[in-house]
Amino acid sequence: KQRYQRRVRVCHWGSRFRYNHTEGPSDQPIWKGIETLDRMGMDTIESLDPAAFQTYLRQTQNTICGRRPILLLLCAIERHRELTGGSGGVGVLKFLDYSQSSQCVRKSDSSVSYASASFVFQ
């Protein structure tokens with residue numbers, strides 16, 4: 001089996017990045033809302049569904065660096081499934097690690113989220 005690993009910057013959050021969207025209850029800390037937003041995106045990527053990932057990006061406008069290469073990978077996987085009649089798995093994508101450069105508590109704070117993923121070809 002071949003394995004491909006990649007670390008991506010998931011979200012650039014704060015006024016200096018012109019992005020301050022969060023997800024989840026409004027009474028939770030900002031950093032937790034950022035994590036919820038990021039984990040939603042990571043779950044969507046793990047589903048290997050390019051349409052779902054495009055919907056996530058459109059709805060959240062999350063500033064994922066590498067979103068185009070990620071989408072290209074998801075489209076290639078989908079195309080492979082179409083060509084093989086959906087038989088056999090292409091592989092498994094799993095996020096292994098997640099972190100934030102700082103835990104935002106005020107709207108004036110900023111943070112960059114990082115995630116590591118592994119794709120194992122089957």
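Start by selecting β2 (91-100) and β3 (residues 111-121): in this predicted model the two strands pair in the antiparallel sense over 9 bridges. For one of those pairings, click on Y98 and then look across to A115, its bridge partner in β3.

Now add β1 (residues 3-13) to the selection. You have an open sheet of 3 strands, in the order β1-β3-β2, with antiparallel pairing. The edges belong to β1 and β2, each of which pairs on one side only. Turn the view a little and you'll see the twist: neighbouring strands are rotated by 20° against each other on average, ignoring direction.

Next, bring in α1 (30-46). This helix packs on the sheet and touches β1, β2 and β3, and its direction makes about 165° with that of β2.

While you're there, step back to P29, in the loop between β1 and α1. Is P29 buried or exposed? Neither, quite: with a relative accessibility of 40%, P29 counts as partly exposed. Draw a distance from P29 to Q103, and the C-alpha atoms come out 8.6 Å apart, although 74 residues separate the two in sequence.

Back to the sheet, and zoom in on S111, in β3. S111 has a relative accessibility of 1%, so it counts as buried. What surrounds S111? Beyond its neighbours within four places in sequence, its contacts include C11, H12 and W13, along with F17 and C104. Q100, S101 and S102 are also in contact with S111. Show polar atoms here: a polar atom of the S111 side chain lies 2.9 Å from the backbone oxygen of S102.

Last big stop: α2 (residues 50-60). Select P50, F53, Y56, L57 and T60, which are buried. Look down the helix axis and these buried residues fall within an arc of 120°, so they line one face of α2. What do they pack against? Show α1 and α3 (67-83), and you have the partners of that buried side. Spin round to the face turned away from it for the exposed residues R58 and Q59.

Both ends of α2 deserve a click. At the start, a side-chain oxygen of D49 reaches to within 3.0 Å of the backbone nitrogen of A51. Just after the helix, Q61 takes a positive phi of about 60°.

To finish, colour by pLDDT. The chain averages 91, and 98% of the residues score at least 70. Confidence is highest in α2, at a mean of 96, and lowest in β1, at 87.

How values were computed. Residues are numbered from 1 along each chain as its sequence is written. This is a predicted model: local features need pLDDT of at least 70, side-chain atom pairs count only at pLDDT 80 or more; totals for chains, interfaces and linings use all residues. Side-chain values use heavy atoms; hydrogens and water are left out. pLDDT is the predictor's confidence in each residue, from 0 to 100. Helices (H or I, at least four residues) and strands (E, at least two) are DSSP runs, numbered from the N terminus. Buried means under 20% relative accessible area, exposed over 50%, partly exposed in between (1.4 Å probe, protein chains only). The arc is that of the directions from the helix axis to the C-beta atoms. Contact means heavy atoms within 4.5 Å. A polar contact is a pair of N or O atoms within 3.5 Å; within protein, one must be able to donate a hydrogen and the other to accept it, and residues adjacent in sequence count only if both atoms are side-chain atoms. Two strands pair if DSSP finds at least two bridges between them. Axes are lines fitted to C-alpha atoms, for helices over the stretch in contact, and angles run from 0 to 180 degrees between N-to-C directions.
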